[in-house]
Amino acid sequence: MTDHAGENDSFVDSVMDKVNDKLHSHDSSSDSDDDKGKKSPVNAVKTKIYRLFGREKPVHKVLGGGKPADIFLWRDKKVTAGVLGFATVIWALFELLEYHLLTLLCHILIVAVAVLFLWSNASTFINTAPPQIPEVVLPKDIVLGVASALRIEINRALEILRDIASGKDLKKFLVVIVGLWVVSILGNIWNFLTLFYIVFVLLHTVPLLYEKYEDKVDAFAEKAEAEIKKHYAVFDTNVLSKIPRGPLKGKKQ
């Protein structure tokens, strides 16, 4: 009887030990899962990489994707080279050869109309097909879409200028003043056509170089942004905070 009771006690003890082991393993696994859940946001923050202007998309997507982005990033080298070559020829005609826009357009139209006219009349004598002149018509939807987009951008620019001129945002005011001052200096160095050509060339070279060396550029930009924020904080404390601001929107006159 005593042996039977001892066997029952040992059996109960073994069952209880197994239950405790399972509970302990379940608690440890849940704790580890909780730790992983707690660490994952931190790890996500740590692994977040700084990108220039806070972009979260690839450079191709930032440029709008599609054919324009392919041209800017030299995905289609023949098309990009052709666009840059055409722009260079136009710049050389106006800037180096001192052609005027109206004169150039008239000369191009004279040559085109004369060639087509002579070809159409000569085709009856030399037994060749006359030139197939396509009918060019501007689609209404495209014209309205461009006009609407242009109207939206102009209204947005006017709204920004209005907010800046009203004295509500001193930081934007200073940025605009410095930007216009830099553009005026560049305007004294180059004329509008040369400045436009330089910007056009930069649009077809800077994105390509940035995509190729984006890690190095982003690292440098992160350090530069930290230094700019540090200096701006000092400037804001010593100068900007002491300048009286304009009336607030919610303030009654």
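Here is a short chat between a trainee and a mentor about this predicted model.

Trainee: Let's start broad. How many helices and strands does the protein have?
Mentor: Read along the sequence, the pattern is α-α-α-α-α-α-α-α-α-α. The count of secondary structure elements in this predicted model comes to 10 helices and 0 strands.

Trainee: What share of the residues in the protein is buried?
Mentor: Buried here means under 20% relative accessible area. The protein has 253 residues, and the buried ones make up 11%.

Trainee: And what part of the contacts joins residues at least 24 apart in sequence?
Mentor: Take the contacts between residues at least 6 apart in sequence. Of these, the part that joins residues at least 24 apart is 55%.

Trainee: Let's zoom in on α4. Which of its residues are buried?
Mentor: First, a look at the helix itself: α4 has 20 residues and reaches 27 Å from its first C-alpha to its last, close to the 28 Å expected at 1.5 Å a residue. Covering its buried residues are elements including α3, α5 and α8. The buried residues themselves are T80, L84, A87, L93 and F94.

Trainee: Which residue with a positive phi follows α4?
Mentor: Look in the loop between α4 and α5. The residue there has a positive phi of about 55° although it is not a glycine. With a relative accessible area of 62%, it is exposed. That residue is E98.

Trainee: Is W74 buried, exposed or partly exposed?
Mentor: W74 sits in the loop between α3 and α4. Its phi is positive, about 60°, although W74 is not a glycine. Its relative accessible area is 25%, and buried would need under 20% while exposed would need over 50%. So W74 counts as partly exposed.

Trainee: What about S123, buried or exposed?
Mentor: You'll find S123 in the loop between α5 and α6. Not counting residues up to four places away in sequence, S123 touches T128, A129 and P130. Its relative accessibility is 6%, and the cut-off is under 20%, so S123 is buried.

Trainee: How far apart are the end C-alpha atoms of α8?
Mentor: Helix α8 covers residues 192–203, which is 12 residues. At 1.5 Å a residue it should span 16 Å. The model agrees, because the end C-alpha atoms are 16 Å apart.

Trainee: Why can we say that the buried residues of α8 line one face of the helix?
Mentor: The buried residues in question are T194, L195 and Y197. Seen down the axis of α8, they fall within an arc of 160°, so they line one face. On the other side, F192 and F196 are exposed. The reason, then, is that arc of 160°.

Trainee: Which helices do the buried residues of α8 pack against?
Mentor: One of the partners spans 77–96 and another spans 170–189. We met the first when looking at α4, as α8 is among the elements covering the buried residues there. The helices that the buried residues of α8 pack against are α4 and α7.

Trainee: Now for the open space. How much space lies in the largest pocket?
Mentor: Rolling a probe the size of a water molecule over the atoms shows where empty space is left. For the largest pocket, the space comes to about 210 Å³.

Trainee: Which element gives the largest share of the lining of the largest pocket?
Mentor: The lining is made of K171, L174, V175, E225, I228, K229, Y232 and F235. The elements that give two or more residues to it are α7 and α10. The largest share is 5 residues, and it comes from α10.

Trainee: How does that lining divide into nonpolar, polar and charged residues?
Mentor: Its members include L174 and K171. Leu counts as nonpolar and Lys as charged. Sorted that way, the lining comes to 5 nonpolar, no polar and 3 charged.

Note on methods. Residues are numbered from 1 along each chain as its sequence is written. This is a predicted model: local features need pLDDT of at least 70, side-chain atom pairs count only at pLDDT 80 or more; totals for chains, interfaces and linings use all residues. Side-chain values use heavy atoms; hydrogens and water are left out. Helices (H or I, at least four residues) and strands (E, at least two) are DSSP runs, numbered from the N terminus. The expected span of a helix is 1.5 Å times one less than its number of residues. Buried means under 20% relative accessible area, exposed over 50%, partly exposed in between (1.4 Å probe, protein chains only). The arc is that of the directions from the helix axis to the C-beta atoms. Contact means heavy atoms within 4.5 Å. On a 1 Å grid over the protein atoms alone, a cavity is a set of points where a 1.4 Å probe fits but cannot get out, and a pocket is an open set with protein on both sides within 12 Å along at least five of seven lines; lining residues have an atom within 4 Å of a point. Grid points are joined across faces, edges and corners, and a volume is the space filled by probe spheres set on the points.
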